[in-house]
Amino acid sequence: MTSPYRKVLVAIDCSDESAEVLSRAAGVQEGTDGELHLIHVIEPLALAYGADVPMDVTDLQSGLVKQARDTALEYAGHYRIPESRIHVELGSIEKTILDKADDIGADLIVVGSHTRSGLALLLGSTARGLVPGAHCDVLAVKMDKRKKD
């Protein structure tokens, strides 16, 4: 039986947990000739901190993009994802992921999901925000924050 998911967009945050999210996505496509795409979205500093950023942050933002691209390339190398399927973009995280999924014709978006509490629970998560606007399935990989002894 083959996976119904031919094009999978994996959204990573370039943290250590990205490896687990990628592993789950690769498992969905194991034994198929489907495509894995990798995306990391960086919110523009003006968007993240409001429009009143008191200095030019162009160089800082360019450095963040380069660092994220290098990290994404490293993760992609473990799964033989070609550079043409690695997307590091600036923008609103949820909107950019959804737009990229539509652009590539993704059948599935895979994203990590954290257990939230307090203020983070009220604000919601990227995984929760993707579902209403997605034109494909969304797999939220639950990230366990408990320390392993």
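This is a short chat about a predicted protein model, its helices, its buried residues and its salt bridges.

Me: What kind of model is this, and how are residues numbered?
Reply: The model is predicted: local features need pLDDT of at least 70, side-chain atom pairs count only at pLDDT 80 or more, and totals for chains, interfaces and linings use all residues. Residues are numbered from 1 along each chain as its sequence is written, and side-chain values use heavy atoms, with hydrogens and water left out.

Me: How many helices and strands are there?
Reply: The protein has six helices and five strands. Both are DSSP runs numbered from the N terminus, helices being H or I with at least four residues and strands E with at least two.

Me: In what order do they come?
Reply: Starting at the N terminus, the order is β-α-β-α-α-β-α-β-α-α-β.

Me: How much of the protein is buried?
Reply: Of the 149 residues, 34% are buried. Buried means under 20% relative accessible area, exposed means over 50%, and partly exposed is in between (1.4 Å probe, protein chains only).

Me: And what about the surface, how much area is exposed?
Reply: About 9200 Å² is exposed, and carbon and sulfur atoms supply 51% of that. The areas come from the Shrake-Rupley method with a 1.4 Å probe; for residues, only the protein chains shown count as cover.

Me: What share of contacts joins residues 24 or more positions apart?
Reply: Among contacts with a separation of 6 or more, such pairs account for 75%. A contact means heavy atoms within 4.5 Å.

Me: Switching to H1. What is its span?
Reply: H1 has 12 residues and covers 17 Å from first C-alpha to last, close to the expected 16 Å at 1.5 Å a residue. The expected span is 1.5 Å times one less than the number of residues.

Me: Which of its residues are buried?
Reply: In H1 these are Ser18, Val21, Leu22, Ala25, Ala26 and Gln29. Viewed down the axis of H1, they fall within an arc of 135 degrees, so they line one face of the helix. The arc is that of the directions from the helix axis to the C-beta atoms.

Me: What does Gln29 touch?
Reply: Apart from neighbours within four places in sequence, Gln29 contacts Tyr5, Arg6, Lys7, Val8, Gly34, Glu35 and Leu36. Gln29 has a relative accessibility of 7%, so it counts as buried.

Me: What comes just after H1?
Reply: Gly31 does, with a positive phi of about 80 degrees.

Me: New topic: how many salt bridges are there?
Reply: The count is five, where a salt bridge is a side-chain nitrogen of Lys or Arg within 4 Å of a carboxyl oxygen of Asp or Glu.

Me: Which residue does Glu20 pair with?
Reply: Glu20 pairs with Arg24, and their closest N and O atoms are 3.8 Å apart. Both lie in H1, four residues apart, about one turn of the helix. Glu20 is partly exposed at 35%, and Arg24 is partly exposed at 44%.

Me: Why would that spacing suit a pair?
Reply: An α-helix has 3.6 residues a turn, so residues three or four places apart point the same way.

Me: Where is the bridge between Asp70 and Lys66?
Reply: Asp70 and Lys66 sit four residues apart in helix H3 (residues 58-77), and the N to O distance is 2.8 Å. Asp70 is partly exposed at 38%, whereas Lys66 is exposed at 53%.
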